[in-house]
Amino acid sequence: MARLDQIYHLASPASPPNYMYNPIKTLKTNTIGTLNMLGLAKRVGARLLLASTSEVYGDPEVHPQNEDYWGHVNPIGPRACYDEGKRVAETMCYAYMKQEGVEVRVARIFNTFGPRMHMNDGRVVSNFILQALQGEPLTVYGPGTQTRAFQYVR
């Protein structure tokens, strides 16, 4: 008998070493977890916010990505458990919106960092910080012309 008007679905490992450690658990969190949250939102009439990811674009061929770009994905690659899990989660959200009238929002979050992040989480900001603290050159993948968006959370 929960009285809710908003649900924030933030559950999922986002660090590549963490989500690749147990790919089945990552897939289940992003699919079954989303399905459970959508069912709850439907039952109580709440709006659902899904924390998605820029990884739904895969290895993009377009920079920066806009909402009309569908991505360049590898559904069986090493990161697919996270990328495809989030893609399915987004698809379920919009299917529930169209079929069941559930109000949904999807936020594709890019490069989150903050004071409680793990230094070896394999993401760009922690890699930069770790390399800088160790006096190493910062690793920039690709030609260095790509753009990045960062989100700080405290």
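**Exercise 1. Which residues line the second largest pocket?**

*Solution.*
Step 1. Know the model. This is a predicted model: local features need pLDDT of at least 70, side-chain atom pairs count only at pLDDT 80 or more, and totals for chains, interfaces and linings use all residues. Residues are numbered from 1 along each chain as its sequence is written, and side-chain values use heavy atoms, with hydrogens and water left out.

Step 2. Fix the term. On a 1 Å grid over the protein atoms alone, a pocket is an open set of points where a 1.4 Å probe fits, with protein on both sides within 12 Å along at least five of seven lines; lining residues have an atom within 4 Å of a point.

Step 3. Read off the lining. It consists of Val56, Tyr57, Glu67, Tyr69, Trp70, Arg87, Glu90, Thr91, Tyr94, Val106, Ala107 and Arg108.

Step 4. Sort it. There are 7 nonpolar, 1 polar and 4 charged residues. Here Ala, Val, Leu, Ile, Met, Phe, Trp, Tyr, Cys and Pro count as nonpolar, Asp, Glu, Lys and Arg as charged, and the others, Gly among them, as polar.

Step 5. Add the volume. It is about 340 Å³, the space filled by probe spheres set on grid points joined across faces, edges and corners.

**Exercise 2. Which element gives the largest share of this lining?**

*Solution.*
Step 1. Define the elements. Helices (H or I, at least four residues) and strands (E, at least two) are DSSP runs, numbered from the N terminus.

Step 2. Lay out the chain. It has 4 helices and 5 strands. Their order from the N terminus is β-α-α-β-α-β-β-α-β.

Step 3. Find the suppliers. α3 (80-100) and β3 (104-109) each give at least two lining residues. The largest share, 4 residues, comes from α3.

**Exercise 3. Which residues does Tyr94 touch, not counting those up to four places away in sequence?**

*Solution.*
Step 1. Place Tyr94. It lies in helix α3.

Step 2. Look for contacts (heavy atoms within 4.5 Å). Tyr94 touches Val104 and Val106.

Step 3. Compare distances. Tyr94 and Val106 are 12 residues apart in sequence and 9.1 Å apart in space, C-alpha to C-alpha.

Step 4. Check accessibility. Buried means under 20% relative accessible area, exposed over 50%, partly exposed in between (1.4 Å probe, protein chains only). Tyr94 has 33%, so it is partly exposed.

**Exercise 4. How many disulfides does a search of the whole structure find?**

*Solution.*
Step 1. Set the test. A disulfide is a pair of cysteine sulfur atoms within 2.5 Å.

Step 2. Apply it. The search finds 0 disulfides. For Cys81, the nearest cysteine sulfur is that of Cys93, 19 Å away.

Step 3. Add burial. Cys81 is buried at 7% relative accessibility. Cys93 is buried too, at 0%.

**Exercise 5. Where does Asn111 lie?**

*Solution.*
Step 1. Locate Asn111. It sits in the loop between β3 and β4.

Step 2. Check its backbone. Asn111 is not a glycine, yet its phi is positive, about 45°.

Step 3. Check accessibility. Asn111 has 19% relative accessibility, so it counts as buried.

**Exercise 6. What are the buried residues of helix α4?**

*Solution.*
Step 1. List them. In α4 (residues 124-133) they are Val124, Val125, Ser126 and Gln131.

Step 2. Find a cover. β4 (112-113) is included in what covers them.

Step 3. Follow the chain onward. Gly135 comes after α4, with a positive phi near 70°.
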